[in-house]
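User: I am new to this protein and would like a close look at one part of it. Please start with the strands and how they pair, then follow the thread wherever it seems useful.

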Amino acid sequence: MSSDPPSPTVTLTADEARRIALRAQGLLGAPERRGGVPGVLRRLGAVQLDTISVLARSHELIPYARLGAVGRAAVESAYWGSGRTFEYWSHAACVLPVEEWPLFAFRRRAFLARGHRWHRMEDAERSCAEVLARLRADGPLTATELGGAKKGGEWWDWSETKIAVEWLLDTGQVVCGDRRSWKRVYDLAERAVPEALLAAEPDDDACLRQLVRQSGAALGVATAKDLADYHRLKAQQVGAALPDSGLVPVRVQGWGRDGAAAPAWADPAALAEEPRGRHRTTLLSPFDSLVWDRARTERIFGLVHRLEAYTPKAHRLHGYFAMPLLAGGRLVGRVDPARDGRTMVARQASLDSPKSLPALARALTEAARWVGCDRVRVERLEDEALRPALDALLRESLNGPDGDAAGQPAG
């Protein structure tokens, strides 16, 4: 079945689509302080996890970008040990609201049908039974506590126990809803997932309809490929689910080839209200759901962005963990951050225009305060002629009163 929208009646400009996307992602309008970090997670539907930690780990940067200097302890307590979340395979390894547990039944069944993920067990039945028995007897445990995560080689050289517990997680018998020192804590699904959610086993079609609907709400307006990428669904799955997803067909000017209008799908709630409010000025994790889809990021914001952490240093253009700078509803630059004691360091920074210099100073200052730094050092500025003005703005910002970083008016 084709995923092209049938006879769309609404045509959006590229700017309208951009503002709708920002509003859907919680980056346009008043911060959702009443909902806090749990509210951000519910809105996004998935927050990607990654081991890289520069200013903070990526899962901390996501609510920070939307709420400002939210306490980092509040982030951790909202994600883990609350009984309201679980980790699973979505866009990648993600933390998800526990309400989404039934929606991934299709993926758990697919793992079962496949019979393995990356590793195969020497004695699957015995290994899985031993892990389940330990968890049943001793309560939630890490892989180390279960008997060791590795055989002693590289990180992917998993022990039989680690393979077993991850397989049980893949297939839904075990859940990770907590972490200790960044290690997954595994528990029995029957203990960790509310009974009503655990008993719900929607068929594949129902799972996919709900996930496409959730992706559409989180993106605001999206192509079929955008929707597929959000939870890493197959194109044919999205195509089959779209007609009954509740999303409505639209066309977006500038999204097609040579600036033509292109078919897309929109959340009807996003179309019902003009996306107004205050734009956030902030640095974004490369794993933020606003920018994790490269093609969508380039289409909406005109920014070609790549994570260069795994690129040899000599070949990096923008830095190890270059973070896009969001200001005025646009991506206006990049910063590759680091820390040196109580100094936040921008190893390199670039802007698309000198007009974005105040936004850069503001974003650097807010991020520095959030991670407990009281100084900012910019090591390399792409346009060194801007350094005196940036230094003056940083001094003024760092010496001034703390602000709420509400941002710039919508444009």
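Analyst: Happy to! A good place to begin is T11, whose bridge partner in β8 is R251. What you see is a predicted model, where local features need pLDDT of at least 70, side-chain atom pairs count only at pLDDT 80 or more, and totals for chains, interfaces and linings use all residues. Residues are numbered from 1 along each chain as its sequence is written, and side-chain values use heavy atoms, leaving out hydrogens and water.

T11 and R251 form one link in a wider pairing: strand β1, residues 10-12, is joined to strand β8, residues 248-252, by three bridges, and the two run parallel. (Strands are DSSP runs of E with at least two residues, helices runs of H or I with at least four, both numbered from the N terminus; two strands pair if DSSP finds at least two bridges between them.)

Now stay on β8 and look at another partner. Strand β9, residues 262-266, pairs with β8 over five bridges, in the antiparallel sense. At V252, the partner to look for in β9 is A262. So you have met both ways in which strands of a sheet pair through backbone hydrogen bonds: parallel or antiparallel.

Further along the chain there is an open sheet to trace. It has five strands with mixed pairing, and its order is β10-β11-β12-β13-β14. Its edges are β10 (282-283) and β14 (375-378), each of which pairs on one side only. Inside that order, β12 (residues 330-340) and β13 (residues 343-351) run antiparallel and are joined by eight bridges. To find this pairing on the model, pick V335 and look across to A349, its bridge partner in β13.

For a contrast, turn to a pair of helices. The axes of α5 (residues 105-114) and α11 (residues 204-219) come within 8 Å and cross at roughly 130°. (Axes are lines fitted to C-alpha atoms, for helices over the stretch in contact, with angles from 0 to 180 degrees between N-to-C directions.) The two helices, α5 and α11, are therefore oblique to each other, since angles under 35 degrees count as roughly parallel, over 145 as roughly antiparallel, 65 to 115 as roughly perpendicular and the rest as oblique. On the α5 side, A105, F106 and R109 make the contact, while α11 brings D204, C207, L208 and L211; contact here means heavy atoms within 4.5 Å.
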